[in-house]
Amino acid sequence: MLLGRSGRAAGALLTGARQHARNHAGSARVDLRGIYPPIATPFTPQEDVDFRKLEENLHKYAEIPFRGLVVQGSNGEYPFLTEEERVEVVKAVRRSLPADKLLMAGSGCESTRATVQLTEKMAAAGADVVLVVTPCFYKGKMSSAALLQHFTKWADCSPVPVVLYSVPANTGLELPLDAVVQLSQHPNILGLKDSGGDITRMGLAVHRTQQQDFQVLAGSAGFLLGATASGAVGGVCALANVLGREVCELERLCAAGRWEEARALQHRLIEPNAAVTRGLGVPALKQAMEWFGLHGGTCRSPLQPLTQAETQQLRAAFSCNGWL
């Protein structure tokens, strides 16, 4: 969508953002390169957050060369958690996470006001960076102008650097590329996590923001190679919760230009990745975590456990590629 008559208003917003930059000096220089698992939230049988099992998962993740962790992303079932639970999970992760690892916390809400307020709480809880999903309940009214205003006001107020999050499979709304390009000029916006899977769009986003200190992260391990070849600096990958070392190795091979080895590994990750994302979703991710020695457990209602047929389908996706 073109910005049209909203262009001057958007320009005014971004001019104000540049003036606001002195409050965020140095924030745009945070290096996002690497792999981040968007961690799952373990629950007890009563559907309370199981902080003990969460900590055990974090100890295992500490042995994998992740750049950091994403907390309260889509795979963390954040829409089903209260605001207090979301903040407490971030606090718990911060206590266990080594200081050299980035903690990227999801603070997106439907309103700008609520997003600003939760972002402040996430920063106080220990988030190094915040990740904000595109508001979508009134998606018919989420024009480029509306989204520019939302993200600019949020970035103006955030005490930590921020990353945009476009996940059209969940929101039914893709953050327009023109809006991404304008927002890349904001001194407190580091980059974009793009889960749409359109490599052409990601490459164009990299190309059109190359004059800015703006970083694109692939939102899935299924297209990590293609995204990296197009200029993405890393990925936030659900599959990294299960095959963390392998996803990190794929990113390392791409960074080293070892494309034949990277391609072979990428091919083996596509089917299991599809199974734990768009195919069978969070219940499948949590089941796979159990098979690989991590605590996945049940989801919070109304998400349902896998059926027997779905479990067999999930196992096949891993076993036929040599992972089980």
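These are my notebook entries on two annotated residues and the pocket around one of them.

I began with the ground rules: this is a predicted model, in which local features need pLDDT of at least 70, side-chain atom pairs count only at pLDDT 80 or more, and totals for chains, interfaces and linings use all residues. Residues are numbered from 1 along each chain as its sequence is written, and side-chain values use heavy atoms, with hydrogens and water left out.

I looked up the "active site" annotation in the unreviewed UniProt entry, which covers Tyr165 and Lys193; such annotations may be inferred rather than shown by experiment. The two span 29 residues in sequence, yet their C-alpha atoms are no more than 4.9 Å apart, so they gather at one spot.

I then took tyrosine 165, which lies in strand E5 (residues 162-166), strands being DSSP runs of at least two E residues, numbered from the N terminus. Tyrosine 165 is buried, with a relative accessible area of 4%, where buried means under 20% with a 1.4 Å probe and protein chains only. Its side chain has a polar contact of 2.9 Å with that of serine 74 (a pair of N or O atoms within 3.5 Å, one able to donate a hydrogen and the other to accept it; residues adjacent in sequence count only if both atoms are side-chain atoms).

I turned next to lysine 193, which lies in strand E6 (residues 189-194) and is buried, also with a relative accessible area of 4%. The side chain of lysine 193 makes a polar contact of 3.1 Å with the side chain of tyrosine 165.

Key: Helix = DSSP H or I, 4+ residues; strand = E, 2+ residues; numbered from the N terminus. Buried < 20%, exposed > 50% of the residue type's maximum accessible area, 1.4 Å probe, protein only.
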